[in-house]
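Student: Hey, I've got a protein open and I don't know where to begin. Can we go through it together?
Tutor: Sure, let's have a look.

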Amino acid sequence: RRFLNARNTLTTLLDSGIVPVINENDTVSVEELRFGDNDNLSALTTNLMEADLLIMLSDIGGLYDKDPKTFPSARKIALVEDIDSLNMDDMDPSGGKRSFYGTGGIASKVSAAKKAAHFGCAVVIANGMEPDILKRIFEGEDVGTLILPKEDRLTSKKHWIAYSARPKGKVFVDEGAKAALIKKGRALLPSGIVRVEGDFEAGEVVGCIGPGGTEFARGVVNYSSDEAGKIKGLKTNDIEKTLGYKVYDEVIHRDNLVVL
C-alpha cells in the first residue's frame, strides 16, 4: 500500500510539472557528493531544470533563529528576502556543534538555498511530515520559510562555475587585484597573482584566494598552473616574452569569473 501511495503521489507530481528529487546517498558517496548533500543536489537540479521554485521538505518547519527541538523559545523565520544576509553564527548559539546545524541540517539547507536563489529560484523549506504540505504551500499558506530569489541572478554558466564545478586549484592574489575583481568588475591579470597552487589546465575552474586566505571568487582560467606560475606578477606585455606566446591578456576573463 505504501508503495502504491508513493507511486500515485509521484505520478500526480509529474503530471503537474513538478519534479520530485529523491536521493538516498547515505551509502552512495563520491568525493564531490557526501553525506548530507542531498540538499545541494536538489539546488543544482534547479539550475539544470531552470526551475522557478525549490521545495525542501524536512522534519523541521523551516528556518529558526535557533534549534526549536532544544530551545522552546525559538522563533521561526517566515521570510528571508536576502539569503546572503542570513548569518548562521547568529542562528547557532552552539557554534555549530549540534546536529541540527551540522551536515544535512540547517547549514546544508541554507547553503543549498543560496545556490538556488542566486540562480533566480525561490525556495521553501517546510516540514514534510505535516499533512497536505505541498497543497498548503501552493495555496499560499504561511507554512515553512520562504526564501526569495536574487534579482541579479547568475547565468547558467556562472552558476555552474560558482556552485557545480569542482575547483582544480587556487590562485592567490594581492589586495589590489581582489579590490579590482570585487569592486570594479575587472578581469584577473597576471600582475595581481602572487602564488599558484594545484595542478590545472587551461579551461578548468580555480578558486581566487585573497590576502586573508579566504576564497572570494571562482573562474575559468586561460592558462595552466605551470603557465600561470611563470607569469604571476608580470605585466600583460611580458606574457609572450616569458612563455613565447600569449593566448590572452587575462588569466581569468571577467565573463568567466564569479564573485562569491
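Tutor: We'll go from the whole chain to the core, then to one helix, one histidine and some salt bridges.

Student: Okay, what kind of model is this?
Tutor: This is a predicted model.

Student: And how many helices and strands does the protein chain have?
Tutor: The chain has 9 helices and 11 strands.

Student: How much of the chain is buried?
Tutor: Out of 260 residues, 40% are buried. As for the outside, the chain exposes about 14600 Å², and carbon and sulfur atoms supply 49% of that.

Student: What about contacts between residues at least 6 apart in sequence, how many of those join residues at least 24 apart?
Tutor: That would be 67% of them.

Student: Cool. Which residues have the most contacts inside the largest nonpolar core?
Tutor: Those are Leu188, Cys208, Val251 and Ile252, in a core of 19 residues. The elements giving two or more residues to this core are β7 (169-173), α7 (175-183), β9 (205-209), β10 (215-220) and α9 (239-243).

Student: What does Ile252 touch?
Tutor: Leaving out residues up to four places away in sequence, the residues touching Ile252 include Ala187, Leu188, Val206, Cys208 and Leu257.

Student: Where's the other core?
Tutor: It lies apart from the largest one and has 18 residues, including Ala43, Met56, Val80 and Ile147.

Student: Let's zoom in on α7. Which residues are buried there?
Tutor: Ala177, Ala180 and Leu181 are buried in α7. They sit on the same side of the helix, because they cover an arc of only 95 degrees around the axis.

Student: And what's on the other side of α7?
Tutor: Gly176 and Lys183 are there, and they're exposed.

Student: So what covers the buried residues of α7?
Tutor: The cover includes β7, β10 and β11 (257-259).

Student: What's going on at the ends of that helix?
Tutor: Asp174 caps the N-terminal end of α7, with a side-chain oxygen 3.2 Å from the backbone nitrogen of Gly176. After α7 comes Gly185, which has a positive phi, near 65 degrees.

Student: New topic: where is His118?
Tutor: You'll find His118 in helix α4 (residues 106-118).

Student: Is His118 buried or exposed?
Tutor: His118 is buried, because its relative accessibility is 12% and the cut-off for buried is under 20%.

Student: Which residues does His118 touch?
Tutor: Not counting residues up to four places away in sequence, His118 touches Asp84, Lys150, Arg153, Leu154, His159 and Tyr163.

Student: Asp84 and Lys150 both turn up there. How do their side chains meet?
Tutor: In a salt bridge, at 3.1 Å from N to O. Asp84 lies in the loop between β4 (79-80) and α3 (88-91), and Lys150 in the loop between β6 (145-147) and α6 (156-164), so the pair ties together parts 66 residues apart in sequence.

Student: Are those two buried or exposed?
Tutor: Lys150 counts as buried at 16% relative accessibility, while Asp84 is partly exposed, with a relative accessible area of 36%.

Student: How many salt bridges are there altogether?
Tutor: The count comes to 13. One of them joins Asp249 and Lys246, with the closest N and O atoms 2.8 Å apart. Salt bridges that share partners also join Asp82, Asp84, Lys114 and Lys150 into one network.

Student: And what does Arg136 pair with?
Tutor: Arg136 forms a salt bridge with Glu130, where the closest N and O atoms are 3.2 Å apart. Glu130 is partly exposed, with a relative accessible area of 28%.

Notes:
Residues are numbered from 1 along each chain as its sequence is written. This is a predicted model: local features need pLDDT of at least 70, side-chain atom pairs count only at pLDDT 80 or more; totals for chains, interfaces and linings use all residues. Side-chain values use heavy atoms; hydrogens and water are left out. Helices (H or I, at least four residues) and strands (E, at least two) are DSSP runs, numbered from the N terminus. Buried means under 20% relative accessible area, exposed over 50%, partly exposed in between (1.4 Å probe, protein chains only). Contact means heavy atoms within 4.5 Å. Accessible areas come from the Shrake-Rupley method with a 1.4 Å probe; for residues, only the protein chains shown count as cover. A nonpolar core is a set of buried Ala, Val, Leu, Ile, Met, Phe, Trp, Tyr and Cys residues joined through side-chain atoms within 4.5 Å. The arc is that of the directions from the helix axis to the C-beta atoms. A polar contact is a pair of N or O atoms within 3.5 Å; within protein, one must be able to donate a hydrogen and the other to accept it, and residues adjacent in sequence count only if both atoms are side-chain atoms. A salt bridge is a side-chain nitrogen of Lys or Arg within 4 Å of a carboxyl oxygen of Asp or Glu.
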